[in-house]
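I opened a new page for this one and jotted down what I looked up, in order. Here is the structure I had on screen.

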Amino acid sequence: MKTKRIPAFSNWLILLALFALVGEALAGGHGRAPRPEDILMDPAKRTDITGTVLITGANRGIGLEMARNYAKRGWTVIATARKPEKAADLNAIAAEYDKVAVEQLDVLNQEQVDALAAKYKGKPIDVLLNNAAILGAPDQQKFGTYDFDLLQRVMNTNVAGPLRMAEAFADNVVASEQKKIVAITSVQGSITLIRGDTIQFYNASKSALNMSMRAVANAVKKQGVTVALISPGAVNTDMMREALGNSNVRMRLLTPADSAEAVINVIDQYGFDMSGTFMDHRGAKIPW
Ligand SMILES: NC(=O)c1ccc[n+]([C@@H]2O[C@H](COP(=O)([O-])OP(=O)(O)OC[C@H]3O[C@@H](n4cnc5c(N)ncnc54)[C@H](OP(=O)(O)O)[C@@H]3O)[C@@H](O)[C@H]2O)c1
């Protein structure tokens with residue numbers, strides 16, 4: 001007699017994670033196909049706007065490609081990295097484009113943030129781009145494996161970091177023409193769309209980032225500042241490779257360069273009337 005094979009519990013967990021990740025990849029980082037009325041802007045639309053952008057975590061991944069993309073568009077780029085002396089790719093961009101400055105910045109370090117803010121005091125910054133974040137080891141943030149030191153590090157980096165930057169550089173943004181504070185968030189922060197439990201601390205940090213930045217949007221509204229929350233899609237970076245781990249999951253991922261191009265086009269079109277909304281790299285609304 002044939003017996004039905006029931007997958008082991010761990011296989012079910014892998015399947016759950018797979019559904020979540022494949023869903024994100026198929027929908028370009030969204031989790032479901034957006035309805036036409038949810039698409040608020042055309043991510044393929046390039047503008048010829050220029051200005052000054054400050055980017056955190058610009059030495060690799062999406063941040064590096066955003067620095068390159070802005071530099072190519074003729075922007076003045078303040079590209080920050082924890083270890084500028086080791087940021088070879090970023091330094092190569094700075095060597096190629098006059099208007100790119102590489103600065104040291106760890107978003108956990110208040111003194112460094114204050115020193116950079118003092119250095120650029122009075123300099124208008126059109127776009128403050130909070131990109132730096134960590135995922136945290138997936139095997140330390142599942143129910144039953146919680147490492148609370150890791151929770152603190154993830155929250156400090158992904159939530160306190162962007163808040164610290166927003167506070168320190170608010171005057172620079174207010175003094176600029178475009179007046180935008182951007183947080184690179186994730187569909188993984190959507191309470192509506194969450195599936196599985198594999199990266200709980202990261203999920204929680206991006207939900208908290210969304211809430212915090214939404215509140216910052218209220219705080220700076222009177223000064224005409226737009227706060228944008230943008231998810232960059234499912235992108236082939238170190239962070240995504242860490243998330244996929246040894247799962248053998250194969251999925252279609254954006255290149256960091258393609259993600260950066262789409263995100264920048266969305267930032268360019270992100271208007272004051274949209275401040276505090278949560279959207280993806282296609283300009284589609286993401287449910288909270
Ligand atoms: N990849 C995806 O599919 C995906 C999807 C959704 C959202 N995102 C978001 O997109 C953003 C970029 O992610 P990524 O995939 O490009 O990640 P990544 O390749 O892991 O790069 C992360 C960057 O953040 C920097 N960083 C980490 N901690 C920092 C700190 N304390 N101070 C300053 N910089 C710090 C890293 O610098 P070091 O080199 O010094 O570590 C690195 O430059 C993140 O906000 C991430 O949550 C990514």
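My notes below go from the ligand to a helix pair and then to a loop residue.

**Ligand shell.** I kept in mind that this is a predicted model. I started with the ligand and found 28 residues around it. Gly 57, Gly 61, Ala 132, Ala 133 and Thr 237 come nearest. Next I sorted the shell by class: 13 residues are nonpolar, 10 are polar and five are charged. Then I asked myself which helices each supply at least two residues of that shell. I got α2, residues 61-72, and α7, residues 238-244.

**α2 against α8.** I stayed with α2 and looked at how it packs on α8, which covers residues 256-269. The axes are 8 Å apart, and the angle is about 60 degrees. I wrote the pair down as oblique because of that angle. The crossing of α2 and α8 is right-handed. On the α2 side I listed Gly 61, Ile 62, Leu 64, Glu 65, Met 66, Asn 69 and Tyr 70. They meet Pro 256, Ala 257, Ser 259, Ala 260, Glu 261, Val 263 and Ile 264 in α8. The residues of this contact divide into nine nonpolar, three polar and two charged. Gly 61 is in this contact, and Gly 61 is also one of the residues that come nearest the ligand.

**Thr 47.** Last, I checked Thr 47, which sits in the loop between α1 (9-26) and β1 (52-55). Is Thr 47 buried or exposed? I counted 11 other C-beta atoms within 10 Å, so Thr 47 is exposed. I also noted that the C-alpha atoms of Thr 47 and Asp 268 are separated by 7.0 Å, with the two residues 221 apart along the chain.

Notes:
Residues numbered from 1 in each chain as written. Predicted model: local features only at pLDDT ≥ 70, side-chain atom pairs only at ≥ 80, totals over all residues. Near = placed C-beta within 6 Å. Helix = DSSP H or I, 4+ residues; strand = E, 2+ residues; numbered from the N terminus. Nonpolar A, V, L, I, M, F, W, Y, C, P; charged D, E, K, R; others polar. Axes fitted to C-alpha atoms, helices over the stretch in contact; angles between N-to-C directions. Parallel < 35°, antiparallel > 145°, perpendicular 65-115°, else oblique. Left-handed = near helix turned anticlockwise from the far one by under 90°. Contact = placed C-beta atoms within 7 Å. Buried ≥ 20, exposed ≤ 12 C-beta atoms within 10 Å, placed from the backbone.
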